[in-house]
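User: Could you zoom in on a single part of this protein and walk me through what surrounds it? I'm in my first year, and plain words would help a lot.

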Amino acid sequence: MIAGNRMLMVILLCQALLGGASHASLIPGPARKKEAEGQAGGRRSAQSHDLLRGFEASLLHMFGLRRRPQPSKEVVVPGYMRDLYRLQSAEEEQELREINLEYPERPTSRANTVRSFHHEERLESFPGTEENTGVRFIFNLSSIPENEVISSAELRLYREEVEHGLPWEDGFHRVNVYEVMKPLAVNGHMVTRLLDTRLLHHNVTRWESFDVSPAIMRWTQDKQINHGLAVEVIHLNQTKTYQGKHVRISRSLLPHEDTVWSQMRPLLITFSHDGRGHALTRRSKRSPKSQRARNKKNKNCRRHSLYVDFSDVGWNDWIVAPPGYQAFYCHGDCPFPLADHLNATNHAIVQTLVNSVNSSIPKACCVPTELSAISMLYLDEYDKVVLKNYQEMVVEGCGCH
């Protein structure tokens with residue numbers, strides 16, 4: 001609960017320093033800052049500005065970031081990560097029905113972080129000899145923090161339907177995925193270990209997922225040298241005319257297909273846990289709070305609206321989703337006698353009783369009694385796309401403590 005309380009405390013304090021705006025604003029953007037300084041005539045002191053910068057650094061640290069991400073314009077957010085976020089966040093049911101994706105219950109059951117990686121194309125090795133029949137991919141995993149434990153990993157490959165009139169029995173191909181165990185030989189030969197294999201038919205267009213967990217765990221946890229993964233497509237009962245045409249494992253030479261390649265290229269997904277908070281779980285929609293709790297005229301301890309807009313904070317360039325969220329905060333009196341709906345502790349009841357006869361003893365405080373998590377899809381300092389579950393970010397209930 002400490003992290004959640006700190007988050008809310010920082011937001012509220014910053015909101016107060018910036019004039020109590022209806023939206024939480026931590027660091028104003030350059031244009032907004034210039035306008036504010038011109039109108040206020042230097043009302044906001046350098047000390048306050050430094051203080052706000054310190055708050056931003058504290059929040060970035062809470063998010064597990066060493067510095068504020070500065071994403072390049074070329075970064076592509078995979079559609080899989082967007083869909084996974086939408087499934088994870090339990091958005092509108094109509095939208096969820098449009099997502100052609102099965103939620104990965106097993107991988108997420110032991111992970112609070114999902115990361116995606118595109119391969120380093122400059123290090124890609126193409127087949128060219130009889131000894132080297134696969135395409136090698138190098139994925140740079142150095143951005144994975146050492147405190148994160150990989151629970152599983154998958155390589156996703158996109159394949160398209162092939163319509164060339166072959167009989168059903170001639171329309172099969174096998175896809176093998178290997179770990180490359182040693183540096184490539186001079187002749188391009190690769191020493192490999194089979195990780196996963198699948199027999200597929202040409203009549204379907206979809207993503208295929210291959211388990212590469214053993215290799216990723218060796219590279220991250222066992223500190224083994226990463227020589228990459230190799231993908232081999234073997235066509236059965238078919239001429240070589242169609243080899244590799246329908247499985248997207250290399251960039252097309254046609255320039256107009258660059259946009260297609262950016263979303264269809266091989267994608268490595270890792271599921272990990274940093275030891276903090278609960279694993280990713282697909283959340284259902286929460287039932288609305290009672291009308292009694294929503295009574296705005298009630299001055300007693302209750303939950304109040306506090307919307308955090310990431311564009312106000314200036315973070316909308318690296319936070320992909322959500323654009324903001326309702327954090328809420330607790331405020332109000334804890335009067336004597338404490339009613340049941342104020343969720344008071346026994347100690348708060350005693351303290352309030354003593355306060356009623358001795359005003360030198362403070363009243364009980366209105367604080368969060370229930371907090372929930374949010375999921376965030378963002379770009380980290382290395383332009384990698386990350387989906388992470390952050391605990392204790394939303395106030396669900398308030399009480400007198």
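Analyst: Let's start at Tyr178, which stands opposite Ala230 in E8. Turn to E6, and Tyr178 stands opposite Leu194 there. Before going further, note that this is a predicted model, in which local features need pLDDT of at least 70, side-chain atom pairs count only at pLDDT 80 or more, and totals for chains, interfaces and linings use all residues. Residues are numbered from 1 along each chain as its sequence is written, and side-chain values use heavy atoms, without hydrogens or water.

Names like E8 are for strands (DSSP runs of E, at least two residues), while helices (H or I, at least four residues) get an H, and both are numbered from the N terminus. The protein chain has 11 helices and 16 strands.

Now for the strand to watch, E5, at residues 172-180. It runs antiparallel to E6, and 9 bridges join the two. One of those partnerships puts Arg174 with Leu199 in E6. E5 is joined to E8 as well, through 7 bridges, again running antiparallel. For two strands to count as a pair, DSSP has to find at least two bridges between them.

Step back and you'll see the sheet itself. It's an open one with 4 strands in the order E3-E8-E5-E6, paired in the antiparallel way. What about the edges? Strand E3 (135-137) and strand E6 (192-201) stand there with a single partner strand each, so one side of each has no neighbour in the sheet. From one strand to the next, the twist averages 20°.

E5 is also mostly covered, with 7 of its 9 residues buried. "Buried" is a matter of cut-offs: under 20% relative accessible area is buried, over 50% is exposed, and partly exposed lies in between (1.4 Å probe, protein chains only).

Which helix packs on this sheet? It's H7, residues 213-220, and H7 touches E5, E6 and strand E8 (229-235). The direction of H7 makes about 150° with that of E6. Such angles run from 0 to 180 degrees between N-to-C directions, with axes fitted to C-alpha atoms (for helices, over the stretch in contact). H7 is mostly covered too, since its tally is 6 buried residues out of 8. The buried ones are Ser213, Ala215, Ile216, Arg218, Trp219 and Thr220. What covers them includes E4, E5, E6, E7, E8 and E9.

That last name, E9, is worth following. Of its 7 residues, 7 are buried. On one side sit Leu267, Ile269, Phe271 and His273, on the other Leu268, Thr270 and Ser272, and both faces are covered.

Strand E2 (residues 113-117) runs antiparallel to E9 and is joined to it by 5 bridges. E4 pairs with E9 in the antiparallel sense as well, over 7 bridges. Here are two partnerships you can find on screen: Arg115 has Thr270 as its bridge partner in E9, and Val149 has His273.

Take a moment with Thr270, which has its place in strand E9. Is Thr270 buried or exposed? Its relative accessibility is 0%, so it counts as buried. Leaving aside residues up to four places away in sequence, Thr270 touches Thr113, Val114, Arg115, Phe117, Ile144, Ile150, Ser152, Ala153 and Ile216. Contact here means heavy atoms within 4.5 Å. You've already met Ile216 among the buried residues of H7, and that's how the trail from Thr270 leads back to the helix on our sheet.

For a contrast, look at Glu121, found in the loop between E2 and E3. Its relative accessibility is 27%, and therefore Glu121 counts as partly exposed. Glu121 and Phe139 lie 18 residues apart along the chain, and their C-alpha atoms are separated by 9.3 Å.

Finally, the whole chain. Buried residues make up 45% of the 401 residues. Consider contacts between residues at least 6 apart in sequence: 74% of them join residues at least 24 apart. The contact between Thr270 and Thr113 is an example of two residues touching. When you go back to the picture, try tracing E3, E8, E5 and E6 in that order, then find H7 packing on them.
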